[in-house]
Amino acid sequence: MQVVPSVCTFCGVGCGLGLRVEGGRAIGVEPQAGHPVSQGQLCAKGWASGFVVDPGDRLRKPLIKAHGRFREASWDEALTLVAGEMRAALEAAGPAAVGVISCAHATNEDNYAAQKFARAVLGTANIDHCARICHSPSVAGLSRTLGSGAMTNSIADIDEAELILVIGADVTENHAMIGARMLRAQARGARLVVVDPRRTRLARLADQHIQLRVGSNIALLNGLLHIIFANGWEDREFLAYRCENEQALREQVRELTPALTSRLTGVPVLALIELARAYSQARRAFIAYGMGITQFQSGTGNVIAVANLALACGQLGRPGTGVNPLRGQNNVQGACDMGCLPDVYPGYQKVSDAAVRARFARAWGVAQPAAAGLTSLGMSEAALRGEFRALMVLGEELVVTDPDQHKLARALQALDFLVAVELTLSETARYADVVLPAAAFAEKDGTFSNCERRVQRVRKAVEPPGEARADWQILAALAERMGYSGMGWVDAAAVFAEMAALTPCFSAMSHARLERPGGLQWPCDAAHPEGSPILHMQSFPRGRAQLLPVSQVEPDECPDAEYPFCFTTHRLHFHYGGGAMTRKSPLLERETPAGLLFIHPQDAAQLGLHEAQGVRVRSRRGVLETRAHLTDDVPPGTVGMPYHFREAPCNRLTNSAQDPISHMPELKACAVALEPLPADQAPRIELERPPEDCHAGP
Ligand code: SF4
């Protein structure tokens with residue numbers, strides 16, 4: 001048996017694992033001893049990551065839809081069809097009418113190729129990926145305040161923190177090894193504070209749980225700043241020498257007395273004062289936050305409010321401190337870093353900068369679009385208006401994870417042409433005209449970047465099933481069909497080398513240098529050849545940090561007489577994303593086999609609803625049936641559902657109202673009505689599947 005060093009393919013923690021290979025098959029995984037992040041451990045999902053490459057239901061050949069059904073085809077036939085349809089869409093409606101949605105669990109090399117294919121081959125800036133619905137506000141908010149949109153510190157800094165403040169993140173469920181590290185730090189004496197409307201597992205174990213009203217993050221963070229300024233607890237030296245705009249921030253929070261903040265957030269005054277004192281007076285305080293901050297129409301403002309708090313207290317640029325967004329998918333950090341966003345090239349080099357555009361145009365030999373492109377939700381809205389013709393989706397399960405499922409399904413049907421690159425026939429791939437079989441992480445060489453900017457190698461351990469290929473190889477072959485020869489890389493190392501040559505913060509990285517266990521953290525350049533575990537130690541990329549006053553924005557849809565419950569979405573420890581990968585594991589599937597509606601026992605009693613009873617959940621956008629789970633995880637008046645289950649698709653209910661800056665949809669809050677089903681009636685499962693005539697083909 002051979003053990004091939006690799007990285008877990010689920011969450012953004014980036015745990016090191018070894019793939020056990022025997023007889024050409026991946027037969028299991030083991031933790032990587034001495035790994036800097038996972039320290040020789042894995043969570044339940046990590047142990048099950050071998051199931052991702054199980055060949056059972058994998059696609060082996062390209063599929064072409066004809067008369068509403070898929071048939072197998074050769075690569076030659078499939079690529080010719082895709083190239084022809086893409087060309088036809090470009091000729092009919094121009095580059096604004098085509099786009100690419102890249103994949104946050106594919107490698108950096110795949111993602112670099114995806115944005116290059118969009119920009120150099122299709123000539124469009126319409127390139128995006130699922131960071132749009134998780135941490136696009138982090139990129140927007142932290143870039144504006146600190147000058148860089150990533151985690152400022154490393155996961156290991158948790159060990160050095162005196163106080164750990166977790167805001168809107170269910171860490172033990174979603175980033176289990178970070179959750180475990182926080183609990184170990186607490187056991188050693190660190191103070192652990194959780195700010196969350198839900199009583200998460202970490203909240204139950206914390207020293208303090210601040211159970212704020214859903215959507216009142218900015219009111220809370222501004223209220224804490226008021227208390228800090230009123231008591232002189234701010235870091236005056238840090239504010240004077242490293243920040244701008246202090247006076248405007250003081251003005252913004254002047255009226256937000258503890259009594260008013262308490263009314264706005266539902267948090268008792270004494271708890272507010274206790275938290276403000278503890279955070280500001282800790283010698284080293286580490287903030288971690290998640291989608292409970294970002295998935296609001298005020299997402300960018302929420303992130304800015306978090307950064308304001310850390311800056312005012314000087315809790316940045318030192319070990320054990322920082323503002324640390326916990327990124328979701330294993331390589332969502334990398335997909336952002338590689339420029340799979342409509343307004344930036346690799347390394348966050350701005351599309352709006354003419355010098356940057358000129359450099360990429362020279363390197364790629366193609367003039368570059370002058371304006372930023374459409375976001376993923378922008379593309380689907382343009383499709384519904386009849387302004388968007390052809391889309392390529394690489395590995396994203398839009399139908400399960402995007403808001404307002406019915407609307408998304410209508411948008412996919414409105415396209416002239418949809419091509420999906422996938423491991424299996426996912427719910428989204430069912431809408432496609434052509435599905436191309438992709439290689440999984442254990443079947444190709446490349447790199448992943450975890451949430452602390454750590455770039456690590458993954459290696460080809462087994463052959464892909466049938467004729468499946470890496471995304472970058474598929475895109476290169478398609479580019480050639482479309483007459484572009486600038487993607488003829490010999491291997492993944494050559495893709496990485498091209499990216500590093502064009503991206504200053506990766507300029508001292510290469511596959512050869514990344515052979516070291518644990519990889520390297522960007523920025524990694526001539527000034528930082530060994531990488532950068534902590535950002536902003538001496539100065540911020542923009543010189544001084546910018547304090548930006550922000551005010552409270554309520555959710556777009558609040559409970560009312562017709563829809564009396566606040567509905568929120570969350571994740572579970574045993575599943576990931578749309579469940580396409582974790583639900584292949586019988587071990588994980590056994591733990592939580594279906595979606596549930598989490599409801600407080602008081603609310604359930606008023607409705608006459610019992611544990612596991614069927615319940616109909618209705619919002620202004622859709623209706624579904626599921627079973628009730630009675631728990632005080634959620635406060636009275638709020639209900640929650642995990643979004644991993646296609647048979648309980650909570651995104652049928654969610655709201656696509658968007659943050660005006662990052663275009664993040666408000667997945668964390670909408671209004672619903674509940675109707676218990678008769679005790680003996682099972683919930684009806686209606687999968688949103690494309691109709692027979694969807695892109696029926698020839
Ligand atoms: Fe994988 Fe995340 Fe679990 Fe680590 S914490 S083993 S990266 S799922």
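**Entry 1: strands 19, 20 and 21**

I began with the contact between strand 20 (residues 454–458) and strand 21 in this predicted model. Two bridges join these strands, and they run antiparallel. For a residue pair in this contact, I noted that Val455 stands opposite Leu520 in strand 21.

I then looked up the sheet to which these strands belong. It is an open sheet of three strands in the order 19-20-21, and its pairing is antiparallel. Which strands form the edges? I recorded strand 19 (446–449) and strand 21 (520–521), each of which pairs on one side only.

**Entry 2: strand 23**

I turned next to strand 23 (residues 565–570) and asked why it counts as largely enclosed by the rest of the structure. The reason is that six of its six residues are buried, where buried means under 20% relative accessible area.

I also checked the directions of the side chains. In a regular strand the side chains alternate between the two faces of the sheet. In strand 23, Phe565, Phe567 and Thr569 point one way, while Cys566, Thr568 and His570 point the other way. I noted that all of these residues are buried.

Which strands does strand 23 pair with, and in which sense? With strand 28 (residues 670–676) I found antiparallel pairing over three bridges. With strand 27 (residues 638–642) I found parallel pairing over five bridges. I followed Phe567 into both pairings: this residue stands opposite Cys670 in strand 28 and opposite Val639 in strand 27.

**Entry 3: the shell around the ligand**

I listed the residues around the ligand. They are Cys8, Phe10, Cys11, Gly14, Cys15, Leu42, Cys43, Lys45, Gly46, Ala176 and Met177. The elements that give two or more residues to this shell are helix 1 (44–47) and helix 6 (176–188).

How do the residues of the shell divide by character? I recorded eight nonpolar, two polar and one charged.

**Entry 4: a nonpolar patch on the surface**

Finally, I looked up a patch on the surface. Met1, Val3 and Ile27 form this nonpolar patch, and together they have about 290 Å² of accessible area. I located Val3 in strand 1 (residues 2–7).

Is Val3 buried, partly exposed or exposed? I entered Val3 as partly exposed, because its relative accessibility is 36%, and partly exposed covers the range between under 20% for buried and over 50% for exposed.

Notes: Residues are numbered from 1 along each chain as its sequence is written. This is a predicted model: local features need pLDDT of at least 70, side-chain atom pairs count only at pLDDT 80 or more; totals for chains, interfaces and linings use all residues. Side-chain values use heavy atoms; hydrogens and water are left out. A residue is near a molecule or strand if one of its heavy atoms lies within 4 Å of it. Helices (H or I, at least four residues) and strands (E, at least two) are DSSP runs, numbered from the N terminus. Ala, Val, Leu, Ile, Met, Phe, Trp, Tyr, Cys and Pro count as nonpolar, Asp, Glu, Lys and Arg as charged, and the others, Gly among them, as polar. Patches are made of residues with over 30% relative accessible area and no salt bridge: like charges are joined within 9 Å, nonpolar side chains (Val, Leu, Ile, Met, Phe, Trp, Tyr) within 5 Å. Accessible areas come from the Shrake-Rupley method with a 1.4 Å probe; for residues, only the protein chains shown count as cover. A salt bridge is a side-chain nitrogen of Lys or Arg within 4 Å of a carboxyl oxygen of Asp or Glu. Buried means under 20% relative accessible area, exposed over 50%, partly exposed in between (1.4 Å probe, protein chains only). Two strands pair if DSSP finds at least two bridges between them.
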